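Work through the exercises below with the chain on screen. Try each task before reading its solution.

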Amino acid sequence: MKNSQHLKAYVQMHPDNKMAWYLLGKEYYKNGQQGKANYCFNQAGEVYEAFEHSKVPAEMLREYEDGLLQVSRQRERGQQRLRYISLVLMLLILLMVPSAVAPGIGVTGDHEVLQDASVSEVKDLPDQKDAVQELVIKAGKMMYTAQENKGAASQGKVMAKMLIRKEPFQAAALGMEREGKWLLWKEKLPLNFTLQKNGKGRMVYQSYDPKACACEPPEQGELAKDAAEWQSDQEEIATLWSAMRSYQNDKGKLPATLSELTGTFPENWIGGTTTVMQREFDPLKAVAKTKVTQGATEATAEPSSSTNEGVRSIPTALSESGSVASDIPFFDQPLRVIVDKQNHRLAVVSGSIILRNYAVGLGGDKTPEGEFFITDKVVNPNGRDDGDFGSRGLQLSDSNYAIHGTNEPDSVGKDESLGCIRMGREDVEELFALIPKGTKVVISKGVLPEKQIVPAKRFSSTAKHDQTNPHKVYHWLN
């Protein structure tokens with residue numbers, strides 16, 4: 001019955017939330033209060049019809065209900081705190097300035113007035129800010145996000161964030177496979193489901209998983225094309241976002257313009273620019289100013305083995321195809337590089353999502369373990385693209401080790417170097433374009449899956465700045 005009380009309090013505050021009415025009706029029905037349940041179902045209108053006759057997993061409804069209950073409990077705790085503070089303040093006033101109390105006004109009377117004021121303040125707080133980030137949506141645009149593939153719990157979290165909005169929207173969720181503690185960001189992720197809400201509150205849920213919906217899903221058509229474009233945009237935005245934060249960590253300020261990230265060596269923070277980067281630089285800079293690296297500790301931590309880690313690390317913001325939402329980008333945590341000496345793999349990750357997983361050549365025990373940072377990004381190390389270090393080199397902190405290309409491609413996957421990390425030409429050139437200077441590199445053992453994640457269409461950018469370094473001869477332990 002306690003859930004019923006919280007849901008009742010919620011619908012009193014939000015009478016237009018038809019999903020909340022529906023969930024309250026379900027609670028009353030479960031408790032045998034048929035009359036109250038029917039009243040709530042009538043208030044729910046189209047939501048009742050949509051969900052009673054759909055194949056929406058029960059876990060999704062529970063996730064949404066948990067979100068509403070959390071908001072209700074937070075309001076209740078906030079009201080209790082304000083009442084307590086009001087009472088304490090009133091007692092302090094009475095103790096410190098007893099002569100100022102007018103005749104006929106006691107503690108109880110004043111406390112009641114203050115209590116009313118506190119309740120009003122709680123009502124004026126932005127709805128559900130602590131439970132879900134605000135989503136900025138333009139009517140008529142399809143929004144995209146991604147979460148664990150076929151995970152009812154993670155689908156429920158995403159769905160709850162969609163349904164909690166009052167405005168009309170169209171949203172699509174893509175699915176990522178799980179490999180241990182990692183979620184895999186592959187090319188052309190499959191469409192899991194779409195959810196639409198019109199101006200009258202009518203919602204339509206469409207699963208694209210035949211097993212989940214026990215149906216023949218409709219053709220994806222333009223959705224699949226737009227989703228692939230959204231994925232590509234998010235990678236470019238992730239590179240720019242990471243570069244801006246690395247620049248800020250080094251300079252103590254954000255770059256004023258995009259050109260400050262594309263100077264000649266050694267100010268070549270990113271390998272090149274794209275039209276998406278040019279379009280999104282100013283919006284991301286505005287976001288960075290307000291976010292103040294709030295997840296700095298989280299961003300540098302290894303994801304745990306918890307099955308929910310990948311879900312938790314996924315940003316709640318949805319973004320439109322071809323444009324980032326006016327909130328944190330999908331890959332909100334800076335890009336990092338992880339090298340697995342056991343599996344001969346090098347991955348580019350954000351939080352617990354693997355964007356790339358390349359095969360690399362190593363030096364066995366000669367390759368050091370630990371944490372490093374990319375300090376130099378060099379095109380054609382030592383003046384050539386066909387030498388020992390190939391066409392790209394990425395210096396690892398103040399050491400004689402680097403991630404670089406090789407003129408011995410057959411050594412990739414083996415322990416034949418003197419300690420450096422060797423990559424195939426196409427792989428190292430994509431890595432060079434994808435990760436900015438300042439990227440953290442962690443070298444350890446047994447942390448990455450063996451499955452390679454390399455797209456058919458490689459990440460690329462237009463580079464007009466000089467990224468060679470003719471003033472230094474590199475003596476990396478190739």
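**Exercise 1. Find the bridge partner of Leu-183 in S9, then place S9 among its neighbours.**

Start with the pair itself. Ile-353 in S9 is the bridge partner of Leu-183. Strands here are DSSP runs of E with at least two residues, helices are runs of H or I with at least four, and both are numbered from the N terminus. This is a predicted model: local features need pLDDT of at least 70, side-chain atom pairs count only at pLDDT 80 or more, and totals for chains, interfaces and linings use all residues. Residues are numbered from 1 along each chain as its sequence is written, and side-chain values use heavy atoms, with hydrogens and water left out.

Next, take the strands. S3 (residues 182-184) and S9 run parallel and are joined by two bridges. Strands count as paired if DSSP finds at least two bridges between them. On S8 (residues 345-350), six bridges lead to S9, and these two strands run antiparallel. Val-349 has Ile-354 of S9 as its bridge partner.

Then inspect the turn. S8 and S9 make a hairpin with two residues between them. Gly-351, in that turn, has a positive phi of about 60°.

Finish with burial. Buried means under 20% relative accessible area, exposed over 50%, and partly exposed in between, with a 1.4 Å probe and protein chains only. Seven of the seven residues of S9 (residues 353-359) are buried, so the strand is largely enclosed by the rest of the structure.

**Exercise 2. Determine how S11 is paired, and which way its residues point.**

First, the partners. S10 (residues 370-379) pairs with S11 in the antiparallel sense over four bridges. Lys-377 stands opposite Leu-394 of S11. S12 (residues 402-404) also pairs with S11 in the antiparallel sense, over three bridges. There, Ile-403 is the bridge partner of Leu-394.

Second, the link. Five residues separate S11 and S12 in their hairpin, and Ser-397 in the turn has a positive phi of about 50°.

Third, the faces. In a regular strand the side chains alternate between the two faces of the sheet. Arg-392, Leu-394 and Leu-396 point one way from S11, while Gly-393 and Gln-395 point the other way. Both sets are buried. With five of the five residues of S11 (residues 392-396) buried, the strand is therefore largely enclosed by the rest of the structure.

**Exercise 3. Check the spans of H9 and H2 against expectation.**

The expected span is 1.5 Å times one less than the number of residues. H9 (residues 222-251) has 30 residues, so it should span 44 Å; its end C-alpha atoms are 43 Å apart, which agrees. Gly-252 follows H9 with a positive phi, near 80°.

Now H2 (residues 18-30). Its 13 residues reach 18 Å from first C-alpha to last, close to the 18 Å expected. Its buried residues include Trp-21, Tyr-22, Leu-24 and Glu-27. Just after H2, Gly-32 takes a positive phi of about 80°.

**Exercise 4. Identify the residues with the most contacts inside the largest nonpolar core, and follow Trp-185 and Ile-421.**

A nonpolar core is a set of buried Ala, Val, Leu, Ile, Met, Phe, Trp, Tyr and Cys residues joined through side-chain atoms within 4.5 Å. The largest has 63 residues; Trp-185, Leu-261, Leu-346, Leu-396, Ile-403, Ile-421 and Leu-431 have the most contacts inside it. H9 gives the most to this core, with 10 residues. Apart from it lies another core, of 16 residues, including Leu-7 and Met-203.

Contact means heavy atoms within 4.5 Å. Beyond four places in sequence, Trp-185 touches residues including Trp-230, Phe-330 and Ile-353.

Ile-421 belongs to S13 (residues 421-422). Ile-421 is buried, with a relative accessible area of 1%. Outside four places in sequence, its contacts include Leu-346, Leu-396 and Ile-403. Gly-361 is 60 residues from Ile-421 along the chain, yet their C-alpha atoms are separated by 5.7 Å.

**Exercise 5. Judge the confidence of the model.**

pLDDT is the predictor's confidence in each residue, from 0 to 100. The chain averages 78, and 68% of the residues score at least 70. Over residues 293-317 the pLDDT stays under 50. Residues 320-326 are also below 50.
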